[in-house]
Amino acid sequence: MQLFWLRHTPGTAPGTLAIAEPPKEPPRSRLMEYGLESLHETEVASFDELSEPGPGLVGWLDVEGHDVEFISELGRRFSIHPLALEDVINVGQRVKSEEFEGSIFVVLDHFFIDGDSGALAKEQISLVIQSNLLLSVRERRSDLFEPVRARLKTGRPRIRGGGSGYLAYALIDTVVDHLFPILESIGDRILEVEDSLLDTPTRDDVSTLHHLKRELLVLRKSMWPLREMLNRLRQSDSELVSEETRLYLRDVLDHAIMAVDIVETLREMVSSLMDLYLSSISNRMNEIMKVLTIIATIFIPLSFVAGLYGMNFDASVSPFNMPELRWYWGYPFALGVMALIVIGLLGFFRRRGWL
Amino acid sequence: MQLFWLRHTPGTAPGTLAIAEPPKEPPRSRLMEYGLESLHETEVASFDELSEPGPGLVGWLDVEGHDVEFISELGRRFSIHPLALEDVINVGQRVKSEEFEGSIFVVLDHFFIDGDSGALAKEQISLVIQSNLLLSVRERRSDLFEPVRARLKTGRPRIRGGGSGYLAYALIDTVVDHLFPILESIGDRILEVEDSLLDTPTRDDVSTLHHLKRELLVLRKSMWPLREMLNRLRQSDSELVSEETRLYLRDVLDHAIMAVDIVETLREMVSSLMDLYLSSISNRMNEIMKVLTIIATIFIPLSFVAGLYGMNFDASVSPFNMPELRWYWGYPFALGVMALIVIGLLGFFRRRGWL
Amino acid sequence: MQLFWLRHTPGTAPGTLAIAEPPKEPPRSRLMEYGLESLHETEVASFDELSEPGPGLVGWLDVEGHDVEFISELGRRFSIHPLALEDVINVGQRVKSEEFEGSIFVVLDHFFIDGDSGALAKEQISLVIQSNLLLSVRERRSDLFEPVRARLKTGRPRIRGGGSGYLAYALIDTVVDHLFPILESIGDRILEVEDSLLDTPTRDDVSTLHHLKRELLVLRKSMWPLREMLNRLRQSDSELVSEETRLYLRDVLDHAIMAVDIVETLREMVSSLMDLYLSSISNRMNEIMKVLTIIATIFIPLSFVAGLYGMNFDASVSPFNMPELRWYWGYPFALGVMALIVIGLLGFFRRRGWL
Amino acid sequence: MQLFWLRHTPGTAPGTLAIAEPPKEPPRSRLMEYGLESLHETEVASFDELSEPGPGLVGWLDVEGHDVEFISELGRRFSIHPLALEDVINVGQRVKSEEFEGSIFVVLDHFFIDGDSGALAKEQISLVIQSNLLLSVRERRSDLFEPVRARLKTGRPRIRGGGSGYLAYALIDTVVDHLFPILESIGDRILEVEDSLLDTPTRDDVSTLHHLKRELLVLRKSMWPLREMLNRLRQSDSELVSEETRLYLRDVLDHAIMAVDIVETLREMVSSLMDLYLSSISNRMNEIMKVLTIIATIFIPLSFVAGLYGMNFDASVSPFNMPELRWYWGYPFALGVMALIVIGLLGFFRRRGWL
Amino acid sequence: MQLFWLRHTPGTAPGTLAIAEPPKEPPRSRLMEYGLESLHETEVASFDELSEPGPGLVGWLDVEGHDVEFISELGRRFSIHPLALEDVINVGQRVKSEEFEGSIFVVLDHFFIDGDSGALAKEQISLVIQSNLLLSVRERRSDLFEPVRARLKTGRPRIRGGGSGYLAYALIDTVVDHLFPILESIGDRILEVEDSLLDTPTRDDVSTLHHLKRELLVLRKSMWPLREMLNRLRQSDSELVSEETRLYLRDVLDHAIMAVDIVETLREMVSSLMDLYLSSISNRMNEIMKVLTIIATIFIPLSFVAGLYGMNFDASVSPFNMPELRWYWGYPFALGVMALIVIGLLGFFRRRGWL
């Protein structure tokens with residue numbers, strides 16, 4: 001996973017629109033105009049077609065994928081501030097909400113498991129909330145917002161009559177809700193590592209822990225500002241956010257705080273497992289050393305005794321030269337000495353609690 | 001212990017009521033209507049029977065276990081906000097209090113030792129405080145609130161005349177008080193591990209410490225928001241909480257802060273014990289290695305000397321070929337060399353402080 | 001040292017008075033009535049004797065030891081709020097100050113070295129400040145407040161004319177001042193451990209460090225709320241605390257902050273010593289292993305050479321079977337090979353910096 | 001990299017101008033006077049030439065390199081407060097913004113990779129914002145501000161009409177933007193170390209990690225005050241910062257917060273890698289010890305058996321003296337015993353999971 | 001270095017003046033009376049000589065060393081609050097500023113390298129600021145304030161006309177400036193240890209690191225309150241601090257914040273070096289073990305083979321008894337087997353990356 005994204009060349013004017021790599025697919029934009037009574041959906045090819053939403057209607061322009069030219073045109077058409085526009089293009093922005101005159105600009109991170117690599121991936125979702133229009137820009141085509149689209153089509157009064165602010169809430173809620181399955185899968189993997197560590201720790205467990213730590217780091221880096229952003233949005237005095245919508249934003253904020261809590265808890269668990277692993281390695285080392293020490297300290301003295309009586313001193317020269325070799329009970333005597341050594345050492349080890 | 005609970009499918013409308021698994025027992029709900037003079041208790045089978053509590057009376061509807069349909073009906077009957085209703089169903093919510101028009105919604109965690117597994121378990125308790133009605137919803141049947149019920153029946157004026165706010169306080173106080181025996185049992189287990197560590201540390205101690213750490217992590221994750229929630233409730237300007245009740249809430253808050261302090265202290269003790277364990281392992285390793293080193297460094301040179309005189313050089317060929325073997329004092333000489341080596345090494349070890 | 005104290009049974013009404021164990025001594029209470037001109041001291045047997053202090057006089061009722069009945073009577077006589085009364089009985093409360101109508105309730109921890117066990121012990125001191133009366137309740141008889149008593153008797157105008165608020169300050173100041181000798185003795189023990197660690201670390205040092213860590217944990221758990229409490233008291237708008245007394249409370253607060261600073265500094269020193277100990281163990285392990293490695297790697301090859309020429313191949317069968325054994329310079333040659341090995345290895349070790 | 005810079009001699013009067021080493025190049029100062037319609041650039045040799053910028057024009061005096069005399073003259077000419085002047089000279093100041101009457105003084109750190117040493121280096125950039133004049137002082141000649149100069153020349157209305165405040169923003173933005181390539185290169189080096197650690201950890205990895213940690217420490221020490229400074233500047237009530245410029249400052253602040261986030265994330269990664277390295281070393285130690293233990297514990301008993309039958313007890317003296325040596329199947333029997341030992345130990349190791 | 005100082009006996013009245021040890025030198029006090037036009041300096045033997053400074057003049061009484069009687073007299077003469085007086089005597093107070101009616105009391109720590117021991121030492125400096133008088137009390141005679149004295153004599157208008165507040169600033173600035181050479185010398189010693197650690201780590205490095213850690217702990221304990229104190233002084237609404245002086249206090253505050261930043265950075269470096277040392281020890285252990293393992297695992301099997309053919313089975317008894325000994329190529333065969341073992345093991349080690 002990329003840690004962060006290249007920004008524009010230092011020194012260029014703010015609002016300069018430029019991106020590093022061209023998008024893989026051409027951008028697609030769909031307009032949904034709806035009110036309590038009516039709903040109309042079209043795919044938008046050119047912005048010239050676009051007219052203001054009728055009175056009492058709300059327009060939702062959902063853009064998947066983007067290129068510089070496309071976004072510039074969009075900015076001109078909807079009078080978006082150049083700084084907001086720059087942040088739409090230069091993905092990798094910090095999660096935030098910024099108020100401009102007559103509009104609120106929101107940047108979100110959507111985390112998902114990349115289908116190809118199976119790794120945690122992230123896309124930036126930018127929302128521009130205006131009085132009767134919501135613009136949502138995503139990095140790639142996906143069915144992320146399909147459930148919201150479906151709820152709009154079903155015609156529920158709460159979402160159909162809630163204005164652009166409520167629609168923005170619904171989209172943010174969807175993005176925040178997607179965090180939980182991700183967190184849960186990380187939690188599951190942590191529990192797997194824990195089982196493995198408590199059973200037989202392997203080197204792979206450390207890599208996994210390290211990997212999980214990094215994923216949690218990236219999630220956390222995105223979630224703290226999310227929490228802050230939702231709080232600021234909820235307390236904003238902008239008229240784009242109605243009293244009722246504030247109540248719902250409090251609910252999403254609550255979920256964001258839960259997500260932060262879970263991330264912090266998971267981080268503590270990972271670091272606790274790292275400790276467990278280290279103590280586990282030390283334990284194994286102790287085991288290994290104990291075996292070596294027991295075997296070595298028993299046999300080294302025995303080997304010495306055997307070596308002693310393997311010396312070739314000439315017993316015929318002197319009565320002091322290894323008379324044991326000629327004793328009648330010489331060999332049994334040597335074996336007996338060895339047995340005593342073994343018994344003594346076993347007793348020593350038992351007293352130390354090593355056996 | 002489960003780390004957290006599955007939430008609803010991302011993208012569904014807020015207030016959608018759905019739960020993962022059906023409850024084990026059918027829900028039971030008991031209504032207690034009381035005033036200073038009277039008290040009447042009934043088991044409620046259907047909400048159609050329910051009428052508003054008479055003037056000057058307070059109704060307490062205590063629900064144990066729940067299913068979606070049941071809670072929906074309840075929500076309709078008592079006009080509970082859909083967001084609150086969703087949180088009642090989707091247990092695993094963060095501890096919090098939320099004010100809606102004319103009601104306060106409180107989520108609590110009740111920790112208990114699960115009878116079957118002996119493990120720490122948690123149930124969510126939701127309270128809805130309205131002007132003359134208190135609704136409490138629990139996950140399972142238990143005698144948690146029996147003492148409060150008994151105090152009501154005894155007819156003490158403070159609780160009988162205190163309104164729904166004071167009753168809510170009484171229930172919260174009961175839940176918070178249940179934290180202390182749990183904390184105490186964790187404290188006891190920590191002291192046991194400490195004794196074991198200071199005596200003879202075993203691998204089980206680490207598992208126990210790791211386990212205690214996780215339990216404290218779960219408790220802490222619930223207690224910090226509890227503290228925050230009680231503070232917010234106490235400072236709330238809602239008329240559902242009377243001046244006198246605020247004084248009592250300050251008292252519960254104080255207990256919650258004590259609980260947080262204790263959890264933090266226990267966490268520090270666990271981590272201090274982990275350090276103690278690691279230093280203890282290192283110490284044992286040192287002991288083991290010292291024994292190995294002493295035995296090995298003493299006998300390895302001895303064995304070499306023995307091996308030296310076990311060589312088969314033909315002494316008859318040359319006067320330089322191992323003349324020692326034919327010396328009169330050869331064998332005693334060799335033993336003497338060995339003795340000198342032993343004495344030298346023992347002196348060396350003593351000087352190093354290893355003996 | 002006990003980590004925390006059993007609280008009342010969960011679910012009992014607030015203000016229920018019950019304690020776990022009966023006190024060892026019967027409570028003693030002494031009343032001191034004083035004004036600028038007069039001072040009168042009596043031992044109080046029954047509260048019926050008590051009358052309001054005369055005009056311009058302040059009464060100080062100092063209670064050492066207590067039982068439930070005694071405190072209940074006290075509470076009734078001085079109209080103390082049941083919540084405060086409960087906290088007086090259930091010692092082990094958090095350090096705090098609470099304002100009730102017409103009175104301030106203060107809980108303090110007094111730390112002392114227990115005479116019997118030599119361990120750090122703690123007693124709760126409760127103060128109830130009323131307009132012309134100060135009630136102080138302690139767990140056991142001691143001469144803690146004798147200096148204050150003496151200052152009152154000496155007749156210094158500042159304390160004699162300062163009202164119940166200033167008297168409360170004097171008692172709090174006394175309790176806070178008692179922290180410093182405790183901290184100093186811990187500091188001294190830390191310096192002793194440091195000396196031992198820098199000289200020859202032993203296993204006892206770790207136990208001592210662990211023990212000191214726990215004592216500091218307990219002290220810290222009490223001091224942070226002390227600081228907070230004194231600040232709140234100083235900024236309280238109660239008329240029980242005069243302008244002049246606030247100045248003095250600022251001084252105690254300052255001492256409390258100093259105590260917190262010292263505790264934090266001592267904690268850092270303990271943890272720094274723990275690190276020092278661990279590095280010290282690792283160092284010793286390195287030393288031990290180095291000795292083993294040097295001895296073993298020198299003699300193992302030598303022993304091999306000796307073993308080689310101890311083989312019994314029949315030299316008479318073939319000219320290739322160990323002709324060295326029959327060489328004229330065979331034995332010196334073998335010894336020379338060994339010497340070369342030793343020289344080579346010593347050079348290797350020196351190059352590595354092991355010698 | 002230097003940790004911090006020598007300040008003036010303690011006790012000298014504030015505003016005393018003195019620097020440790022003379023600059024390498026003579027200072028160069030360039031004046032750019034511009035308005036919406038006109039732009040005029042000159043190299044300034046003496047400050048006597050300087051006249052006030054014409055009405056509606058803004059003057060930007062960009063000074064590269066400086067000496068004491070030069071800056072004193074500058075201070076006199078533009079009535080800069082002596083404290084600000086002292087901070088311009090004594091580079092190594094903390095990043096900050098200070099308001100004086102009629103001017104704002106800003107200190108920034110510009111980080112760059114030093115061309116000669118390839119190490120991270122830092123220069124202080126001081127800005128003095130006055131109503132129609134911006135003074136920027138840098139430590140050395142570089143093309144850092146060329147892009148801004150170019151944008152001014154191109155004649156874009158936003159920068160040409162934005163006043164000295166907007167110009168200051170443009171310079172700050174340029175400096176902040178230069179942080180990202182630095183951070184990215186550190187991030188890349190961290191990923192390289194990570195790859196190396198997960199593959200085959202070497203000692204160099206630790207040095208690199210240590211080095212990266214120090215670079216991040218220096219960056220962080222500069223970035224936290226940067227964040228604070230930009231926030232203060234944005235919320236300043238000075239009329240030198242227009243409403244529109246505040247919007248742009250919010251954008252730079254946002255980038256500074258991103259930079260802080262990235263630095264903190266990188267720091268966590270480095271410390272996580274340090275853990276990985278340590279666990280990796282422990283693992284390798286385990287591996288090494290396992291090999292030694294397996295080989296040693298297998299061969300030590302075998303060698304003992306061989307040594308046993310190498311003893312020279314005289315079998316002719318007694319039937320108990322090593323009769324095995326004369327058995328018909330003696331040698332195969334000994335080999336068999338050895339084989340049994342090997343099989344037994346291999347089984348033991350396999351059961352322990354060491355093979 | 002002493003960790004903290006003995007305070008007065010617990011329970012004594014506030015303002016009681018008593019010190020632990022008598023001063024080494026008699027106190028010396030010098031009075032400097034100055035205005036824009038005049039300056040007069042005298043050594044003060046008795047306070048009876050002292051008269052109020054003339055109109056428009058400021059008096060600075062600088063006291064070096066003190067005893068109880070001297071300070072009591074001073075307190076009476078200048079009507080200093082007893083609490084302030086107590087803090088002047090009981091050195092070891094926390095750095096702080098306290099406002100009393102008509103005066104500000106400031107406590108500072110001056111750090112210096114003790115000439116005798118070469119260790120870091122600390123003296124308390126107390127300032128009492130009154131409308132036209134500044135009292136400074138130091139623990140010992142030194143030339144700390146000579147530069148300020150010199151600036152006064154030179155007759156610079158800023159200090160001569162700045163009042164007692166500006167003079168206090170000048171003294172505080174001098175004390176704060178003295179922190180930087182201390183910090184720099186600690187920084188230098190850290191860099192030395194770093195070099196040593198990256199080259200060949202020794203045990204002394206750990207002691208040095210531990211020592212540096214403690215010095216930084218003591219410095220930090222003093223600097224955090226310094227920062228806080230300067231901020232409070234700057235924002236004080238006392239008329240003793242003029243607008244212009246506030247500007248200068250902001251400058252000292254800035255330096256204090258820099259000092260805090262540097263202390264924190266140095267602390268992080270020390271702890272990073274501790275990690276480096278530990279990883280370095282582990283690395284060396286690995287090296288040592290690798291050498292032992294390689295030598296041992298190569299020679300142990302060889303020795304076994306040698307031992308095998310050193311057995312004394314009687315080949316004459318049976319054709320199975322060590323026929324190898326009589327083979328024509330027996331010895332070369334044995335050597336060949338050994339060579340194969342060596343080659344095999346070397347290959348194994350190379351594959352593991354140990355060679």
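How exposed or buried is Asp275(B) in this predicted model? Asp275(B) is partly exposed, with a relative accessible area of 31%, and it appears again in the second of the views described below.

**View 1. The relation between chain B and chain C is that of a five-fold axis.** When chain B is laid on chain C, a turn of 72° together with a shift of 0.2 Å along the axis brings the two together with an RMSD of 0.2 Å. That is the relation of a five-fold axis, and within chain B the C-alpha nearest to this axis belongs to Gly310(B), at 4.4 Å from it. The two copies use different surfaces, in that 14% of the contact residues of chain B recur in chain C.

**View 2. A salt bridge between Asp275(B) and Lys213(C) crosses between chains.** In the salt bridge that Asp275(B) forms with Lys213(C), the closest N and O atoms are 3.7 Å apart. On the side of chain B, the pair begins at Asp275(B) in helix H8, which covers residues 243-308, and on the side of chain C it ends at Lys213(C) in helix H7, which covers residues 203-235. Asp275(B) counts as partly exposed because its relative accessible area, 31%, lies between the limits of 20% for buried and 50% for exposed.

**View 3. Glu41(C) and Arg149(C) link distant parts of chain C.** These residues form a salt bridge whose closest N and O atoms are 2.9 Å apart. Glu41(C) lies in strand E2 (residues 39-44) and Arg149(C) in helix H3 (residues 146-154), so that the bridge joins positions 108 residues apart in the chain. The partners differ in their exposure, for Glu41(C) is partly exposed at 29% relative accessibility, whereas Arg149(C) is buried, with a relative accessible area of 1%.

**View 4. Asp109(C) and Lys122(C) form a salt bridge between two strands of chain C.** The closest N and O atoms of this pair are 3.7 Å apart. Asp109(C) belongs to strand E5 (residues 103-113), while Lys122(C), 13 residues away along the chain, belongs to strand E6 (residues 120-130). Asp109(C) counts as buried because its relative accessibility of 10% is under 20%.

**View 5. Salt bridges that share partners form one network in chain A.** The residues joined in this way are Arg28(A), Arg30(A), Glu41(A), Asp62(A), Glu64(A), Arg138(A), Glu146(A), Arg149(A) and Lys153(A). For the structure as a whole, a search over all chains finds 143 salt bridges.

Definitions and conventions
Residues numbered from 1 in each chain as written. Chains lettered and ligands numbered in written order. Predicted model: local features only at pLDDT ≥ 70, side-chain atom pairs only at ≥ 80, totals over all residues. Heavy atoms only, no water. Least-squares fit on C-alpha atoms with pLDDT ≥ 70 in both. Contact = heavy atoms within 4.5 Å. Salt bridge = Lys/Arg side-chain N within 4 Å of Asp/Glu carboxyl O. Helix = DSSP H or I, 4+ residues; strand = E, 2+ residues; numbered from the N terminus. Buried < 20%, exposed > 50% of the residue type's maximum accessible area, 1.4 Å probe, protein only.
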